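Colleague: I would like a close look at one part only, the largest pocket. Please say what lines it, and follow the main contributor into its surroundings.

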Amino acid sequence: MKEIFLAITLFIGLVACSKDNAPSLEDWPDDYVPRIYPQPTTGWVGDVMPYFYDGKFEIFFLHDATDKEKQRSAGQHPVHKFTTTSLVDYHYAGEMIPYGSVNTQYHLIGTGSTVRVDDTFHFYFTGHNGSNSWLQNNNPGWVSNNNREAVMLATSTDLNSWTQRDDFLLKAPEGYSGFDFRDPHVFYNDEFGEYWLLVSTQQNGKGVLLLFTSDDPSSATWEPVGPLDVEGDYLMLECADIFKMGDLYYLVFAEDWSDSPGTHYRIAHSSKGPWRKPASGQDMFDGHQFYAAKTASDGDKRYAFAWAHRRRPENNSGECTWAGNLIVHEIVRQDDGSLGVRIPDEVQQHFVDAKAVQLTTKSNNVTENGEELILDANANPAELQFEEIKGTQRINAQLELTNASGNISFLFNMDEENNESYTITFEPERQRIAGYNLGEEMTRVPFDLQAGRTYEISLVTDGTVCVLYVDGKVALSNRIYGMQNKSWGVRAEGTQANLSAIQVSNIK
């Protein structure tokens, strides 16, 4: 979700919101300090633009300030940065590229990407200005109409000090929307021996990825080629990214206007496409709360970097809104060429001292067979309750569904005084996993659930973020307020489920 680009009225709404300063990390209780899903000291992580260089992930992101700060700021969403070598311990480097005034194209900054040309890093980004004065061309020095969005450029020799290139402004060619013209993705294409720049825009009211090429980006010359052939009909294809794994090419993009919003992917045998869904038709590896994923590789493994929605007001009943915490998955290519995700090995290694989870209560239709818990819920729901979640933890378990009916849910906030409850539910009849708050769907991811199979489950909790991983194939990112220091549990309905090998590990 990228509300800053939907309408200028949303910008006004963000500025006018009554929420005060977000707590700094130093002010949070110890068990709420994000460790592996970080946020800036104040504010939140918006669209993420990762780049790997010299043994380090340089994680640029759009910084969403507190509402009090927005009310007194000249613009919004400067580019800030984290760095990390471990995907666990992050250094917050602060602002890299500031926004401009209401009389500049970059009154708000949008998503971009980085490419190195010789010894210079080129950071292409979105300049967004939806103000009436700008769109009506009341600014001196401009001889043509101003667009709401255009692609801009900053350069650096060290990835820390950036100089804006005032001589560069890439606007929408004729036939493409200047109202929606954003999210430049730049890279050197080995397949064709040239630099590629993809821009998310619209043609005839349909979202497309417009390709530009260049022999030398330092010349500031990009030639439009035309849109890529991407299966699907979307209003916009945001934050696109192309990469190669093995003999296949992959395209990831985000969209927020269909009946299955989130980060999607396509597969091709050439970077020019055609780009098609995987054979299964299941083109997502996480749900709506893992948004605008872009990738980076350390030369060995590839990772997807995205952000998890926070809510306004900040409780489970609040409305999902733009920006939140950084989440990173390791991307895994499956045997059939589809993509899966799992906990990065670097993160796995920081969870230590695994121990059995303490069971506190169970319903009468739950039986124990050694370490296995059998939930016979064919006639009546069966329920388990476990000890409290505390801090940054990983809960591992094995789950078997004995038939393809009913559902089984992981429960959170079980002992909330107001009975608030968040569930992550396996739904074999709908072939998906979904997150619900008080019965309202918050997120979902398609997944082929089969009777008689045992699934390896991991639940990673960090502050108010909870990410479910299944079999190294899918994840489901969730925002669960009040989760810390509350019991969690499992409930089966209309099925029999077997749960075993339940262990919890803390991060070192």
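Modeller: A pocket here is an open set of points on a 1 Å grid over the protein atoms alone, where a 1.4 Å probe fits, with protein on both sides within 12 Å along at least five of seven lines; lining residues have an atom within 4 Å of a point. The model is predicted, so local features need pLDDT of at least 70 and side-chain atom pairs count only at pLDDT 80 or more, while totals for chains, interfaces and linings use all residues. Residues are numbered from 1 along each chain as its sequence is written, and side-chain values use heavy atoms, with hydrogens and water left out.

The largest pocket has a volume (the space filled by probe spheres set on the points) of about 600 Å³. Its lining comes to 24 residues, and those nearest the centre are H185, F187, I242, F243 and R302. By class, 12 of the lining residues are nonpolar, 6 are polar and 6 are charged, with Gly counted as polar and Tyr, Cys and Pro as nonpolar.

Several strands (DSSP runs of E, at least two residues) take part in the wall. β1 (44–53), β5 (108–117), β9, β13 (238–245) and β16 (291–297) each supply at least two residues of the lining. The top contributor is β9, with 5 residues.

Next, the surroundings of β9. This strand belongs to an open sheet of 4 strands, ordered β9-β10-β11-β12 and paired in the antiparallel sense; pairing requires at least two DSSP bridges between two strands. β9 (181–189) and β12 (223–227) are the edge strands, each with a single partner, and therefore one side of each has no neighbour in the sheet. At the β12 end, β11 (residues 206–214) pairs with β12 over 4 bridges, again antiparallel. Within that pair, L210 lies opposite P227 of β12.

For comparison, the second largest pocket holds about 500 Å³ of space. It is lined by 25 residues, with Y265, S280, Q282, D336 and S338 nearest its centre. Its lining divides into 12 nonpolar, 9 polar and 4 charged residues. There the strand that gives the most is β15 (residues 262–268), with 3 residues.

To return to your pocket: H185 and F187 are among the residues nearest its centre, and β9, which spans 181–189, gives the most to its lining.
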